[in-house]
Amino acid sequence: MAKIAVIYYSSTGNVHQLAAALAEGAQEAGAEVRLRRVPELAPEEAIDSNPMWRAHVDATAGEVQEATPADLEWADGYALGSPTRFGTPAAQMKQFIDTLGGLWFTGKLANKGATAFTSAQNVHGGNETTILTFFNVFSHFGAVIVPPGYTDPLLFEAGGNPYGVSTASGGKSATASEAELAAARYQGRRLAEVTAKLAA
């Protein structure tokens, strides 16, 4: 049984929705899964300025545990997700990645399956560049990148992003389509299946 860590940052719930679906897919493939959110760094005034942001922070505070480096050390494979911020992951996710130096230095992030997912307000709002930025990080870790590619027809129904599942929120909260959620579940299953082979 592969151990998969799904670690994400979400402000208004779109990436959280994808993360939950990806975790569900990994579990369907027989993996033991940890779903974790990275710590919120934004000041309370900023969160309070957006009702969707405040609602999501309050809803997940007692529902999803905060991620720690130990979650990645535990895992055989991992999925990282973040909304796009100017074509790159959000500062909250970057700050978490920056805490992983000790694990990286000792090789404890290497040879593990890794995949990424994201959300932007627009279809061309930086989804692919955000995922490719995660791929840069995975390369430094020495991980084995596991993109969905075009390995199942359902991926085309979700927009055909070969790098990882993504959704365009349109500025709303938790708006992923059923096709996108199906693609996220598939990506989780694929990560778990490939990771199990690596772990074996």
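## Cores, pockets and a few notable residues

A search of the whole structure finds one cavity of 30 Å³ or more. The structure is a predicted model. Here is a tour of its empty spaces, its nonpolar cores and some individual residues.

### Empty spaces

Rolling a probe the size of a water molecule over the atoms shows where empty space is left. Start with the largest cavity. Its volume is about 50 Å³. The residues that line it are L155, A158, G160, N161, G164, V165, S166 and A183. Four of the lining residues of this cavity are nonpolar, four are polar and none is charged.

Next come the pockets. The largest pocket holds about 310 Å³ of space. It is lined by 19 residues, and those closest to its centre are S11, T12, P83, R85 and S169. Which elements supply at least two residues each to the lining of the largest pocket? They are α1 (14-28), α3, β3 and β5. Strand β3 makes the largest share of this lining, with three residues.

The second largest pocket has a volume of about 230 Å³. It has 15 lining residues, and V123, N127, G159, N161 and S166 lie nearest its centre. Two elements, α7 and β7 (166-168), give two or more residues to the lining of this second pocket. The most comes from β7, which gives three residues.

N161 and S166 appear in the lining of the largest cavity. N161 and S166 also lie among the residues nearest the centre of the second largest pocket.

The table sets out the three spaces by volume and by the classes of their lining residues.

| Space | Volume | Nonpolar | Polar | Charged |
|---|---|---|---|---|
| Largest cavity | about 50 Å³ | four residues | four residues | no residues |
| Largest pocket | about 310 Å³ | six residues | 11 residues | two residues |
| Second largest pocket | about 230 Å³ | four residues | nine residues | two residues |

### Nonpolar cores

Now turn to the packed side chains. The largest nonpolar core has 30 residues. Which of them have the most contacts inside this core? They are I7, L72, Y78, M93, F96, F138 and F141. Several elements give two or more residues to this core: β1 (3-8), α3 (51-61), α4 (69-74), β3 (77-85), α5 (91-97), β5 (113-120) and α7 (127-141). Helix α7 gives the largest share, six residues.

Apart from this core lies another, of 28 residues. Its members include V15, V33, V64 and L191.

F141 belongs to the group with the most contacts inside the largest core. Leaving out residues up to four places away in sequence, F141 touches Y78, I97, L100, W104, L109 and A110. One of these partners, Y78, is also in that group.

Some elements take part in both a core and a pocket. Both α3 and β3 give two or more residues to the largest core. Both α3 and β3 also supply at least two residues to the lining of the largest pocket. Helix α7 gives the largest share of the largest core, and α7 also gives two or more residues to the lining of the second largest pocket.

### A buried arginine

R37 sits in strand β2 (residues 32-37). Is R37 buried or exposed? R37 counts as buried because its relative accessibility is 16%, and the cut-off for buried is under 20%. A polar atom of the R37 side chain lies 3.2 Å from the backbone oxygen of A61. Beyond its neighbours within four places in sequence, R37 is in contact with Y8, T60, A61, V64, Q65, E66 and A67. One of these partners, V64, is a member of the core of 28 residues.

### Two residues with positive phi

Most residues other than glycine have a negative phi. F86 is not a glycine, yet its phi is positive, about 55°. F86 lies in the loop between β3 and β4 (88-89). F86 counts as exposed because its relative accessible area is 89%.

N111 also has a positive phi, near 60°, and is a residue other than glycine. Where is N111 found? N111 is in the loop between α6 (101-105) and β5. With a relative accessible area of 60%, N111 is exposed.

### A residue in α7

V137 is found in helix α7. V137 counts as buried, at 18% relative accessibility. How far apart in space are V137 and N122, C-alpha to C-alpha? They are 24 Å apart in space and 15 residues apart in sequence.

Definitions and conventions
Residues numbered from 1 in each chain as written. Predicted model: local features only at pLDDT ≥ 70, side-chain atom pairs only at ≥ 80, totals over all residues. Heavy atoms only, no water. Core = buried A, V, L, I, M, F, W, Y, C linked by side-chain atoms within 4.5 Å. Buried < 20%, exposed > 50% of the residue type's maximum accessible area, 1.4 Å probe, protein only. Helix = DSSP H or I, 4+ residues; strand = E, 2+ residues; numbered from the N terminus. Contact = heavy atoms within 4.5 Å. 1 Å grid on protein atoms, 1.4 Å probe; cavity = no way out; pocket = protein on both sides within 12 Å on 5 of 7 lines; lining within 4 Å. Points joined across faces, edges and corners; volume = space filled by probe spheres on them. Nonpolar A, V, L, I, M, F, W, Y, C, P; charged D, E, K, R; others polar. Polar contact = N/O pair within 3.5 Å; in protein donor to acceptor, adjacent residues only side chain to side chain.
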